[in-house]
Amino acid sequence: ELEVARAVQSMILPSAPIAVANARFTGSSIMTGQVGGDYYDAIAGDDGTLNFVLGDVSGHGVSAALVVAMAKSAFHNIYHQGLRSPAAILARLDRLILSHLSKKKALTMLAGQLTADGRLVLANAGHPFPYLLGPGQAPQRIVVKGLPLGVVQRARYTDVEVETGRQPCRLFMYTDGVLEQIDRTGTSFGGARLEAALGETQVAPATDDELLARIHEA
C-alpha cells in the first residue's frame with residue numbers, strides 16, 4: 001500500500017517545468033521516507049499568468065499522501081472556477097479542508113500569482129518564508145504571514161505584492177524539511193545556513209536544476 005501511495009504521489013507532482021511567456025515554475029521533492037506530505041504545483045493561464053502553490057501536510061505516511069491528492073484536486077477545481085487571487089485560493093482551500101478533515105490534518109501553504117506584466121503576488125498560510133533571488137544581490141526574505149490551513153474557522157489571508165525590479169529573478173520556496181535536516185553533530189540545517197547556501201548561488205549563478213542540486217547538497 002505504501003508503494004502504491006508513493007507511485008500516486010509521484011504522479012501528483014509536476015513531471016516537468018510549467019512555463020508561460022515570462023516565467024517558469026520548477027521543483028524537486030526528495031522524500032526521506034517512503035511517502036511524504038509535500039505538494040507543489042502550478043497552472044499556466046491562457047492570458048500568460050502563472051498561479052502556483054507549495055504546501056506541506058502535517059505528518060507523513062498514507063494519510064498525508066491522501067491530503068496531498070485532495071489539495072491538488074481542490075487547487076485545480078478552485079482555479080477553474082475562476083479564482084486567481086492567492087489569498088482567495090487559500091481561503092477556499094481552508095474551508096474545504098476544515099469541512100472534510102475536521103482539524104485532523106493541518107496544511108501549510110504558500111500561494112502566488114505572476115501576471116503577464118511581471119506583477120508578483122503572494123499569500124501565506126503558515127509556510128516558511130520564501131526568498132527572492134536577484135542577480136548580484138543578497139537573498140531577500142519575503143515575510144508574508146497567515147495561519148495554516150485547516151486550523152481555525154474563518155482564517156483570513158492577505159495578498160501581498162512583491163517588488164521584483166526590472167531584472168530577471170527567482171522566487172525560492174521550500175518546506176521545513178530543508179530546515180529540519182540534521183547533520184552528524186545533531187544540528188539542524190536551519191534558516192541561516194539555507195540563506196548562506198542561497199547566497200553562494202548568487203555569486204556563482206546556476207540554472208534552475210543546478211540551484212536545487214546545490215541546496216540539496218548543502
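R154 is exposed (over 50% relative accessible area, with a 1.4 Å probe and protein chains only), its relative accessible area being 75%. This residue sits in the loop between β8 (140-141) and β9 (160-162), where strands are DSSP runs of E of at least two residues and helices are runs of H or I of at least four, numbered from the N terminus. R154 has a positive phi of about 60° although it is not a glycine. Most residues other than glycine have a negative phi.

The model is predicted: local features need pLDDT of at least 70 and side-chain atom pairs count only at pLDDT 80 or more, while totals for chains, interfaces and linings use all residues. Residues are numbered from 1 along each chain as its sequence is written, and side-chain values use heavy atoms, with hydrogens and water left out.

N124, by contrast, is buried (under 20% relative accessible area), with a value of 2%. It belongs to strand β6 (residues 120-125). The table gives polar pairs of its side chain; a polar contact is a pair of N or O atoms within 3.5 Å, and within protein one must be able to donate a hydrogen and the other to accept it, residues adjacent in sequence counting only if both atoms are side-chain atoms.

| Side chain | Backbone partner | Distance |
|---|---|---|
| N124, polar atom | G126, nitrogen | 3.5 Å |
| N124, polar atom | V144, oxygen | 2.7 Å |

Not counting residues up to four places away in sequence, N124 touches (heavy atoms within 4.5 Å) residues including L90, M109, F129 and Y157. Y157, with neighbours within four places left aside, is in contact with N124 and also with A87, L90, A91 and D94, among others.

Y157 and L90 also appear in the largest nonpolar core: of its 47 residues, Y39, L90, M109, L149 and Y157 touch the most other members. Such a core is a set of buried Ala, Val, Leu, Ile, Met, Phe, Trp, Tyr and Cys residues joined through side-chain atoms within 4.5 Å. Elements that give two or more residues to this core include β3, β4 (50-57), α3 (86-101) and β6. Helix α2 gives the most, with 8 residues. Apart from this core lies another, of 11 residues, among them L133, L194, A197 and I215.

In helix α1 (residues 2-12), A5, Q9 and I12 are buried. Seen down the axis, the buried residues of α1 fall within an arc of 50°, taken from the directions from the helix axis to the C-beta atoms, so they line one face of the helix. Their cover includes β3 (38-44) and α2 (62-80), whereas E3, V4 and M11 are exposed on the other side of α1.
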